[in-house]
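Q: Please go through the labels used for this model. For each one, set the value against the rule behind it.

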Amino acid sequence: MIKVNLKNHPYSVDIEMGGSNTIGEKVSQIWSSRQILIISDTNVAKLYLKPIVMNLRNVGFTVSTAVVPAGEQSKSIEMVQTIIKQMSRDKFTRFDGVIAFGGGVVTDLAGLVASLYMRGIGLIQVPTSMTAQVDASVGGKTAVNLGDVKNAMGTFYQPDYVLVDPALLQSLSDRDLVEGYAETVKMSLLAGGDFATLTGQITDIAHLKEQLVPLIEQSITYKRDIVEQDEYDEGQRQVLNFGHTFGHAIELMSEGALRHGEAVSIGMVAITDRLERDGYTQAGVSDEILNRLLPVGLPVFSAEIGDDEFFELLLHDKKRSDDRINFIGLAKIGEPIVVKKDIRKLESFVKG
């Protein structure tokens with residue numbers, strides 16, 4: 001159990017293999033009897049949703065579901081409206097609750113729905129992907145996309161409880177598991193120490209699967225520490241965007257061909273290569289990153305970096321401030337830095 005000690009909304013993250021099998025008992029310790037909407041997606045629902053619903057009903061909750069199409073297209077304001085209309089028809093009150101049961105798209109979407117319905121109702125996160133378990137379900141960021149602008153509309157809204165069941169990852173393909181692991185590698189490089197040592201020892205996907213629990217625990221603990229210091233992303237929390245500025249642009253340009261974590265993997269290598277070239281980053285850090293990504297098959301290069309569309313997308317990045325963009329890098333492993341770049345000099349920085 002990991003405690004997230006936020007001043008106004010503390011909560012616990014429960015990491016338990018097979019823990020979703022007793023979700024009713026666990027939720028009843030957090031919430032009184034109420035109406036619950038479970039938001040899931042088509043992939044997760046067909047595998048796991050029915051027993052989750054029955055488990056919650058067996059302990060006295062009134063449960064309904066909203067199953068959205070799997071994929072990034074469900075992170076839209078139209079989907080938020082559709083779900084909120086359903087909740088209104090079902091006469092949900094501000095004393096009822098939403099459970100997110102899915103990957104990062106679902107945790108983001110459900111979090112935003114919960115934050116908006118009647119100005120905020122109870123939220124529990126039950127992440128089912130590696131990305132969501134190590135990152136998206138913890139910290140309170142919610143968002144949907146607006147056209148090509150990723151996470152353009154969102155809120156900070158903390159859950160009442162997070163249940164992480166690593167057994168739910170067994171249904172993932174190797175590719176989907178590994179793309180989420182990119183976020184763990186990211187956090188280990190930011191944290192340094194034993195965490196970085198652990199990711200540096202992963203030799204292949206089979207080894208990754210053997211080490212899932214400690215990797216998830218270390219990831220959540222690191223993110224917890226950051227969020228406790230900077231809940232609203234006003235300072236230190238921005239280091240979690242390492243690899244994301246380039247990564248978001250690459251992900252959008254791929255039009256679905258790249259997973260989020262795959263784009264972040266490429267983004268971490270690309271930004272570190274340039275910061276190492278310019279003397280911001282200690283020599284050899286790029287190789288250290290490659291040594292963590294390549295053994296599990298994560299991509300590390302994109303030919304689209306430097307295209308006109310790439311630069312256009314960078315200019316829409318949330319980390320832009322007036323005529324500058326904040327890039328997150330590493331002075332060395334365990335020592336994140338913020339490097340501000342003038343947008344008029346972006347092309348020379350990227351292309352060298």
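Q: How many salt bridges does the rule give?
A: The count comes to 19 salt bridges. The rule asks for a side-chain nitrogen of Lys or Arg within 4 Å of a carboxyl oxygen of Asp or Glu. This is a predicted model: local features need pLDDT of at least 70, side-chain atom pairs count only at pLDDT 80 or more, and totals for chains, interfaces and linings use all residues. Residues are numbered from 1 along each chain as its sequence is written, and side-chain values use heavy atoms, with hydrogens and water left out.

Q: What makes Glu72 and Lys150 a salt bridge?
A: Their side chains meet at 2.7 Å, N to O. The limit is 4 Å. The pair links distant parts of the chain, 78 residues apart. Glu72 sits in the loop between strand E4 (62–68) and helix H3 (77–89), and Lys150 in strand E8. Helices (H or I, at least four residues) and strands (E, at least two) are DSSP runs, numbered from the N terminus.

Q: Why is Lys150 called buried or exposed?
A: Lys150 has 10% relative accessibility, so Lys150 counts as buried. Buried means under 20% relative accessible area, exposed over 50%, partly exposed in between (1.4 Å probe, protein chains only). Its partner Glu72, at 32%, is partly exposed.

Q: What do Arg175 and Glu262 tie together?
A: Their side chains form a salt bridge (2.7 Å, N to O). Arg175 lies in helix H6 (residues 174–191) and Glu262 in helix H11 (residues 260–277), so the bridge joins parts 87 residues apart in sequence. Arg175 is partly exposed at 37%. Glu262 is buried at 6%.

Q: How do you know that Arg224 and Glu228 are about one turn apart?
A: Both lie in helix H9 (residues 212–229), four residues apart. Their side chains meet in a salt bridge at 4.0 Å, N to O. Arg224 is buried at 16%, whereas Glu228 is partly exposed at 31%.

Q: Why is Asp148 called buried or exposed?
A: Its relative accessible area is 55%, so Asp148 is exposed. Asp148 lies in the loop between strand E7 (141–146) and strand E8 (149–156).

Q: How do you know that the protein is as compact as a globular protein of that length?
A: The secondary structure comes to 14 helices and 12 strands. The radius of gyration is 20 Å, close to the 20 Å that the globule rule gives for 352 residues, so the protein is as compact as a globular protein of that length. The radius is taken over C-alpha atoms, and the rule is 2.2 Å times the number of residues to the power 0.38.
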